[in-house]
Structures are given as structure tokens and as C-alpha cells.
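Dear colleague,

I am passing on to you the structure shown below, and after it I set out what was found. Please keep the sequence and the 3D view open while you read.

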Amino acid sequence: TTQNYKTTKQQTKKPTMSSDDQKIEAGVLLGMGNPLLDISATVDQEFLDKYGLKLNNAILAEEKHVPIYDDMVKSYKVDYIAGGATQNSIRVAQWMLQAPNASSFIGCIGKDSYGEQLTKSATEDGVAVHYLKSDEHPTGTCACLIKDKERSLCANLAAANHYKLDHLKSEAVSSVLDKAKFIYISGFFLTVSPETIMHVAKHAHDNNKTFAMNLSAPFIPQFFGEPLNNAMPYVDYLFGNESEAKQYGETNKFEDLSIPAIAAKIAQLPKENADRPRVVVITQGSDETIVAIGDQIQKFAVRKIEASEIVDSNGAGDAFVGGFLSQLIQGAELKQCCDAGNYAAGVVLRVSGTVLSGKPEFKAE
């Protein structure tokens with residue numbers, strides 16, 4: 001397989017770098033999604049069973065899960081960490097770029113202390129946040145249950161579930177969208193505002209911008225297949241992990257359920273802008289990352305991390321996307337994008353949640 005396949009004409013032009021000073025433009029990267037405060041704790045199997053939760057999975061909280069947050073705080077030492085899949089990815093990309101205000105994030109929070117904590121955390125990481133603030137709903141939370149270094153996520157979206165397209169169409173916020181050249185939205189946002197996703201997808205298409213999405217969790221292709229498939233023709237980059245890809249393949253009745261075959265099949269689904277082939281990137285933990293462009297498959301090795309160094313897997317997939325995007329917006333080739341993604345995932349695997357400190361030590365090979 002060729003290691004340096006140029007994915008788009010636009011990439012070779014390094015669209016985000018101005019030639020005179022090689023600076024990264026402010027606001028070039030925009031994320032939209034569900035801003036959540038992670039409530040994280042290491043738990044035992046009994047606690048997972050009590051709430052019917054599985055490791056390496058993410059779900060939306062149902063009625064039976066409502067007591068879980070208080071239960072965690074009572075039963076375990078908990079950490080409060082800024083979360084939400086897309087916001088994590090944008091924070092990681094911003095950290096990797098080390099360029100002021102390169103990224104922005106849009107979502108809905110409540111007018112409460114959790115919302116203030118999210119705002120402070122994202123702002124300190126250098127992300128310009130443009131939150132819709134709900135009077136009626138509290139800031140969303142996500143229970144992150146850690147066992148044997150794997151994580152199970154249970155999200156109570158609360159305010160995040162009430163994002164409105166009107167907010168994006170307002171003058172102040174639409175200018176944020178206008179400025180962005182790369183837009184990333186996780187699949188989780190399909191449960192909240194498909195109309196916002198379609199508005200952004202068409203904007204990206206009409207203005208020759210790069211639009212990226214993520215499968216995010218097995219329940220997205222399983223139960224939100226229609227809005228996902230409505231957005232797919234506009235998706236230039238699609239991310240996911242092996243369990244999400246497999247679920248997509250099963251739900252859509254693909255014959256060959258091997259990961260490379262699923263990736264290639266998704267890459268070849270109909271696309272609005274046929275000049276820009278869809279790139280499908282599937283991570284497989286410590287196994288190689290699979291990338292499909294059309295029917296071409298490339299595989300990129302992941303640097304091994306000693307098991308003793310891993311704290312937990314919460315946020316690792318989000319970090320991969322952040323690292324990948326940080327290089328993509330600079331016109332890098334696929335190998336460098338994947339290497340940066342795996343480097344960033346490695347950083348987050350070594351801490352609990354998406355906590356970023358110091359400066360990145362990523363070097364392109």
C-alpha cells in the first residue's frame with residue numbers, strides 16, 4: 001500500500017497556512033457536539049452489573065441510570081473532568097497545534113457551576129467556546145466507569161440535548177462557522193440536532209470545506225442510522241473504532257464484516273462532492289489503524305504502550321481524532337495524521353480522562 005496518498009487537492013495547498021508567516025489561522029477548526037462534564041471513577045463489576053453497563057461501550061442514560069451519578073459520588077472517589085466527545089477532540093487538536101484560538105466549539109450547556117467548569121476548562125485549553133446557555137436544563141454529565149483500564153460511558157445529555165439551529169444561525173455564531181475551514185461533529189450529535197448537522201454539512205459542501213464525522217458508539221449506526229446516512233454523502237472524513245464499524249456493517253447488511261472491507265464499503269458510499277474521495281479511518285486499539293479511500297486500504301501501525309503505563313481508555317478515541325485533525329488542517333499526509341492521532345491517544349491513555357498538560361512532543365517522521 002502506498003503510504004503517502006494525497007487525499008484531496010485542497011490538502012496539498014495547505015489551506016490553513018498563510019505563506020508569509022506560516023501561522024495557523026484563528027478559528028480554522030470548528031467542533032459541534034454535546035459538552036458534558038465527565039464524572040469518572042474506578043468501579044467494580046458489581047457496580048457495572050447493577051446498572052446493566054458494559055465496558056468499551058457508550059450509551060444514553062435511561063430512567064434506571066438516573067441514580068448512577070449520586071451513587072458514584074457516594075461510593076467512590078470521583079474526578080470531574082471536562083468531556084463530551086467532540087469537545088475532547090477539539091481540545092486535543094488545540095493542544096497539539098499550540099496556536100492561539102485555532103479552534104472553536106459550539107454546543108449547549110446549563111447556567112450552572114458544571115457549565116462554568118466546562119467553560120473554564122475549554123478556555124484554558126485555548127478553545128473559543130460559543131455555548132448556547134439553557135435556562136431550563138442543567139449542564140449534561142457523563143458517568144465514566146473505569147474497570148481494568150477499560151471504560152463504560154453513560155451520558156445524561158440534559159442541556160446538551162437542547163441545542164437549537166437558531167443559535168448557529170445567529171449573527172455572532174454564524175460568523176464562527178463562516179471562518180472555519182474544517183468542521184468536525186461526532187455521531188452523538190445525531191441524537192440531538194440532525195437539522196443542525198445537515199445545515200453544517202451543506203455549508204461545508206457549498207463552500208468547499210472539509211466535513212468530518214464519527215460513528216461514536218455502536219448505538220448510533222444501530223438506532224440513528226437514518227440521520228447518519230442522510231449526512232454521509234457530505235462526509236469527507238469518517239472516524240470510528242472496530243466495534244462501531246462492525247455495528248455499521250451489520251445494521252446495513254454488508255456481506256463482508258472484516259474491518260478493512262467495512263471501511264472500504266463506507267468509503268465508496270455515494271458522495272455529493274465526488275472530486276474529494278471519502279476517507280474512512282477505523283482505529284482498533286493497539287492494533288493497526290485501517291484507512292480506506294475508495295477501494296484502497298492502508299494500514300498504519302500504532303506505537304505500543306506498555307500495559308503498566310495505561311491508566312484508562314476514556315477519551316483515547318477522541319484524542320486520536322484531535323491529533324489527526326491537528327495535522328490534517330496543516331496539509332499533512334495520511335501517515336502523519338494517523339501518527340499524530342495515535343500519539344495523542346497515547347498521551348490520554350496515560351492519564352484519567354482527557355487531561356492535557358505541558359506541550360506535545362509529537363515529531364512527524
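**The sheet and the helix across it**

Strand β2, which covers residues 36-42, pairs with β4 in the antiparallel sense, and 5 bridges join the two. Before going further, please bear in mind that this is a predicted model. Within that pairing, leucine 37 has alanine 82 of β4 as its bridge partner.

These two strands belong to an open sheet of 5 strands, whose order is β3-β8-β7-β2-β4 and whose pairing is mixed. The strands at the edges are β3 (57-60) and β4 (79-83), and because each has a single partner strand, one side of each is left without a neighbour in the sheet. From one strand to the next, the twist averages 25°. As general background, the strands of a sheet pair through backbone hydrogen bonds, and they do so either parallel or antiparallel.

Helix α3, made of residues 68-75, lies across β2, β4, β7 (140-147) and β8 (150-156), and its direction is at about 50° to that of β7.

**Two helices that cross**

Further along the chain, helix α11 (residues 242-251) and helix α12 (residues 259-267) have axes that come within 10 Å and cross at roughly 65°. The crossing of α11 and α12 is left-handed. On the side of α11 the contact is made by Glu242, Ala245, Lys246, Tyr248 and Gly249, while α12 brings Ile259, Ile262 and Ile266. Sorted by class, the residues of this contact between α11 and α12 divide into 5 nonpolar, 1 polar and 2 charged.

**Cavities**

Empty space can be located by rolling a probe the size of a water molecule over the atoms. How many cavities of 30 Å³ or more does the count give? By the rule used here, the count comes to 2.

The largest cavity has a volume of about 70 Å³, and its lining includes Ala201, Ala204, His205, Phe211, Tyr234, Asp236, Lys271 and Arg276. Helix α8 (residues 194-206) supplies the largest share of that lining, namely 3 residues. By class, the lining of the largest cavity has 5 nonpolar, 3 polar and 4 charged residues.

The second largest cavity holds about 40 Å³ of space, and among the residues that line it are Asn56, Asn57, Ala58, Arg151, Pro218, Asn241, Ser243 and Glu244. The elements that give two or more residues to this lining of the second largest cavity are β3 and α11, which were met above as an edge strand of the sheet and as one of the crossing helices. The lining of the second largest cavity has 3 nonpolar, 5 polar and 2 charged residues.

**A pocket at β3**

Strand β3 comes up once more in the second largest pocket, where it gives the largest share of the lining, 4 residues. About 240 Å³ of space lies in this second largest pocket, and the residues that line it include Asn57, Ala58, Ile59, Leu60, Glu62, Phe219, Gln222, Phe223 and Phe224. The elements that give two or more residues to the lining of the second largest pocket are β3 and α9 (219-223). The residues of that lining divide into 7 nonpolar, 4 polar and 1 charged.

With best regards

Key:
Residues are numbered from 1 along each chain as its sequence is written. This is a predicted model: local features need pLDDT of at least 70, side-chain atom pairs count only at pLDDT 80 or more; totals for chains, interfaces and linings use all residues. Side-chain values use heavy atoms; hydrogens and water are left out. Two strands pair if DSSP finds at least two bridges between them. Axes are lines fitted to C-alpha atoms, for helices over the stretch in contact, and angles run from 0 to 180 degrees between N-to-C directions. Contact means heavy atoms within 4.5 Å. A crossing is left-handed if the near helix is turned anticlockwise from the far one by less than a right angle, and right-handed if clockwise. Ala, Val, Leu, Ile, Met, Phe, Trp, Tyr, Cys and Pro count as nonpolar, Asp, Glu, Lys and Arg as charged, and the others, Gly among them, as polar. On a 1 Å grid over the protein atoms alone, a cavity is a set of points where a 1.4 Å probe fits but cannot get out, and a pocket is an open set with protein on both sides within 12 Å along at least five of seven lines; lining residues have an atom within 4 Å of a point. Grid points are joined across faces, edges and corners, and a volume is the space filled by probe spheres set on the points.
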